[in-house]
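Trainee: I would like a close look at a single part of this model, namely ring pairing. Please begin with the fold.

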Amino acid sequence: MKKLVILLVLGLVLVTGCSKKESLRLESISMKQVHDISENIEEYPDYVIVDVRSVEEYRSGHIKNAVNVPLPNIKEIDIPKDKKIIVYCRSGSRSLTSAGELHKLGYKYIYNMGGILDWEYELVKE
């Protein structure tokens, strides 16, 4: 009986002690803030705006100064970990998924703008 109690306690310590991974604290950011950053990107060197839609969607219209990293390629992102990353997609679903993936990769400053469907400003088309 004593061995069983010791094993249970050790198991509990291992489970709780080894799960100190920091949880995702996703910040929201308004479209007005993103617009201001995109229009004056040189004044916001710590920010990167990431469009996680497909290449075709990106080319059809994207936020000024946004970079395109489609969701399937998010694990290959080449942005320094200390940058503040603003993610967006079409409706908000892919941006939320990509934020979780970025967090797993070690990014700490992730802002979810949501979907471009609600964007009230001009888009850049290629």
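Trainee: Read along the sequence, which pattern of helices and strands does the protein follow?

Mentor: The order is α-β-α-β-α-β-β-α-β, made up of four helices and five strands. Helices (H or I, at least four residues) and strands (E, at least two) are DSSP runs, numbered from the N terminus. This is a predicted model, in which local features need pLDDT of at least 70 and side-chain atom pairs count only at pLDDT 80 or more, while totals for chains, interfaces and linings use all residues. Residues are numbered from 1 along each chain as its sequence is written, and side-chain values use heavy atoms, without hydrogens or water. The average pLDDT (the predictor's confidence in each residue, from 0 to 100) is 86, and 81% of the residues score at least 70.

Now the rings. Three aromatic pairs turn up in the whole structure; rings of Phe, Tyr and Trp (its six-membered ring) pair if their centres lie within 6.5 Å, with planes under 30 degrees apart stacked, over 60 edge-to-face and the rest tilted. Y44 and Y47 are edge-to-face, because their planes stand at 80 degrees, with centres 5.9 Å apart. W119 and Y121 also form an edge-to-face pair, 5.1 Å centre to centre and 65 degrees between the planes. Ring pairs join Y44, Y47 and Y111 into a cluster.

As for burial (buried is under 20% relative accessible area, exposed over 50%, partly exposed in between, with a 1.4 Å probe and protein chains only), W119 is buried at 10%, whereas its partner Y121 is partly exposed at 26%. Y44 is partly exposed at 30%. Across the protein, buried residues make up 35% of the 126 residues.
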